[in-house]
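Here is a short briefing to read alongside the model. Keep the structure open and follow along as each topic comes up.

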Amino acid sequence: MSGQRKCPDCGSLEIVEDCHYAQNQLVCADCGFILTEGLLTTTYADEEHLHEVTYSRSTGQSEQQSRALLRGIRRVRDLCKVLYLPALFEDTAVSYYQQAVGRPCFGLASLEKKEILVGCCVFVTCRQHNWPLTMGTVCLLLYAHKERFARTYLRFLNELGLDVPALSLIDLVKTHLNSFAFFQSPASVPAAFQEDKEQLVARTIQIVELASETWLVTGRHPIPIVTAAAYLAWQSLRPVGRLACTLAQFCKLAGTDLPRPAHLRLKELRNVLLQMSSQLAWLHVLKVDRRTVAKYVGDLLQHRRVLLRTAFRAADTAEEDAPEGSAPRAGEAESPAALEASPPAGEKRPRSSRQPALLPPCVLHPRKRLRTPDPGLESASVTGDEPILDSEIEQYVRTPEEKELFRKAQACL
């Protein structure tokens with residue numbers, strides 16, 4: 001036997017049989033390398049067919065996963081099936097869940113936190129594969145609190161060291177609009193308020209791009225901006241009968257929540273559209289205000305490059321002419337000369353002077369800064385604990401006359 005076999009480690013031909021723990025093994029006599037492993041045990045399936053297996057293979061039969069881990073894996077797969085995700089996404093999400101549960105911060109967590117962890121694994125998998133999915137959708141499916149989900153999500157990324165690419169704003173628009181009741185259950189929406197999906201998505205994307213070009217997206221939460229843009233796009237496609245519909249009524253028809261800052265984002269978008277409409281000569285004849293500007297969104301978006309460039313130039317020109325007294329800046333008082341040059345109370349000012357400048361919101365509405373106290377005033381205040389100078393000490397010593405008057409006053413009391 002020793003002449004037929006060769007050690008793969010040292011190349012020696014001295015191969016002998018060694019009885020180790022009552023099991024026969026082929027061992028190299030020179031280096032001790034084990035060529036074959038003894039047959040230590042069998043599995044239940046192989047015993048039925050009288051097949052022996054090695055010890056390393058038999059240990060896998062006795063390894064069992066905990067019930068909590070199996071329940072979490074089943075929840076991950078169920079959530080992937082609800083979202084109609086491919087099989088590759090399921091395997092990746094299950095792998096992330098197994099890694100996270102093995103960490104001390106998640107292994108002993110509560111059932112609610114583990115349920116949120118299931119959503120984090122699926123959400124990260126979709127982001128990595130550029131699958132449009134929002135955090136709000138996952139929270140809605142799991143009945144989870146958004147703030148708690150966000151905290152668990154950041155902890156999950158930190159523990160596993162994952163790099164998740166940001167979702168593009170265009171994909172977010174498509175995903176958010178797909179959840180509207182206009183497209184999920186059109187039978188529940190009146191015919192006058194129904195709209196074609198492709199047209200509404202395309203018009204909303206154009207308005208969101210306009211908001212991005214005018215600094216309305218920077219540093220803001222995207223959902224309120226997308227909701228306001230969808231509302232304007234929905235009104236502009238069929239203005240008759242829709243201008244009277246408010247933003248709250250639109251969200252109720254769409255079956256979505258109304259974000260708190262959506263009214264402010266809608267106001268800012270209308271201001272931008274009014275600035276652009278002031279550059280079209282044929283709109284000067286019409287009375288365009290914040291309520292009726294939605295009628296002309298299609299024309300404004302068609303020429304938005306030229307109109308924005310013209311509006312920016314008009315804002316720069318107004319800023320250069322401001323020192324001459326044409327228009328004061330925001331937050332500054334008008335000078336007496338400007339007040340004299342202003343038209344009487346019965347007359348209206350020109351249209352361009354009533355519109356705010358096309359500037360970033362942080363410039364138009366700066367936050368008030370806290371006033372720092374003047375150090376000179378603090379030093380001038382008297383507390384009574386100041387030391388007495390030697391030159392002033394005599395003012396605090398009583399004279400004999402003062403002592404006599406003080407004694408008489410005490411005697412009278």
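At what angle do α4 and α6 pack, and how far apart are their axes? The two helices pack at an angle of about 135°, and their axes are 9 Å apart. That angle makes α4 oblique to α6. Please keep in mind that this is a predicted model.

**The chain as a whole**

- The chain holds 21 helices and three strands.
- Of its 413 residues, 34% are buried.
- Taking contacts in the chain between residues at least 6 apart in sequence, 58% join residues at least 24 apart.

**Helix α4 and its surroundings**

- Helix α4 runs over residues 87-101, which is 15 residues. From first C-alpha to last it reaches 21 Å, close to the 21 Å expected at 1.5 Å a residue.
- The buried residues of α4 are Phe-89, Glu-90, Thr-92, Ala-93, Val-94, Tyr-96, Tyr-97, Ala-100 and Val-101.
- An α-helix has 3.6 residues a turn, so residues three or four places apart point the same way. That is a handy thought to have in mind when looking down the helix.
- What do the buried residues of α4 pack against? Their partners are α3 (67-82), α5 (104-107), α6 (111-128) and α8 (146-160).

**Where α4 meets α6**

- Two packed helices are described by the angle between their axes and the distance between the axes. Handedness can be added to that description: the crossing of α4 and α6 is right-handed.
- On the α4 side, the contact uses Phe-89, Thr-92, Ala-93, Tyr-96, Tyr-97, Ala-100 and Val-101. On the α6 side, they meet Lys-114, Leu-117, Val-118, Cys-121, Val-122, Val-124, Thr-125 and Gln-128.
- By class, the residues of this contact of α4 with α6 divide into 11 nonpolar, three polar and one charged.

**Helix α6 itself**

- The 18 residues of α6 should span 26 Å at 1.5 Å a residue, and the end C-alpha atoms are 26 Å apart, which agrees.
- Is α6 largely enclosed or largely open? Of its 18 residues, 13 are buried, so α6 is largely enclosed by the rest of the structure.

**Helices α11 and α12**

- Helix α11 (residues 197-213) and α12 have axes that come within 8 Å and cross at roughly 125°. The two are therefore oblique to each other.
- The crossing of α11 and α12 is right-handed.
- From α11, the contact draws on Gln-199, Leu-200, Arg-203, Thr-204, Ile-207, Val-208 and Ala-211. From α12 come Ile-225, Val-226, Ala-229, Ala-230, Leu-232, Ala-233, Trp-234, Ser-236 and Leu-237.
- The classes in the contact of α11 with α12 are 12 nonpolar, three polar and one charged.

**A closer look at Ala-233**

- Ala-233 lies in helix α12, which covers residues 222-237.
- Is Ala-233 buried or exposed? Ala-233 is buried, as its relative accessible area is 0%.
- Leaving aside neighbours within four places in sequence, Ala-233 is in contact with Leu-200, Arg-203, Thr-204 and Ile-207. These four residues also appear in the α11 list for the contact with α12.
- Ala-233 and Gly-298 are 65 residues apart in sequence, and their C-alpha atoms are 8.8 Å apart in space.

**Val-16 in strand β1**

- Val-16 sits in strand β1, residues 15-20. With a relative accessible area of 39%, Val-16 is partly exposed.
- Which residues does Val-16 touch, not counting those up to four places away in sequence? They are Gln-25, Leu-26, Val-27 and Ala-29.
- Val-16 is 16 residues from Gly-32 in sequence and 9.9 Å from it in space, C-alpha to C-alpha.

**Two loop residues with positive phi**

- Most residues other than glycine have a negative phi, and most peptide bonds are trans. Two places are worth a look with that in mind.
- Tyr-84 has a positive phi of about 55° although it is not a glycine. Tyr-84 lies in the loop between α3 and α4, and is exposed, with a relative accessible area of 72%.
- Asn-130 comes just after α6 and takes a positive phi of about 60°, although it is not a glycine. Asn-130 is placed in the loop between α6 and α7 (135-142), and with a relative accessible area of 54% it is exposed.

How values were computed: Residues are numbered from 1 along each chain as its sequence is written. This is a predicted model: local features need pLDDT of at least 70, side-chain atom pairs count only at pLDDT 80 or more; totals for chains, interfaces and linings use all residues. Side-chain values use heavy atoms; hydrogens and water are left out. The expected span of a helix is 1.5 Å times one less than its number of residues. Buried means under 20% relative accessible area, exposed over 50%, partly exposed in between (1.4 Å probe, protein chains only). Contact means heavy atoms within 4.5 Å. Axes are lines fitted to C-alpha atoms, for helices over the stretch in contact, and angles run from 0 to 180 degrees between N-to-C directions. Angles under 35 degrees count as roughly parallel, over 145 as roughly antiparallel, 65 to 115 as roughly perpendicular and the rest as oblique. A crossing is left-handed if the near helix is turned anticlockwise from the far one by less than a right angle, and right-handed if clockwise. Ala, Val, Leu, Ile, Met, Phe, Trp, Tyr, Cys and Pro count as nonpolar, Asp, Glu, Lys and Arg as charged, and the others, Gly among them, as polar.
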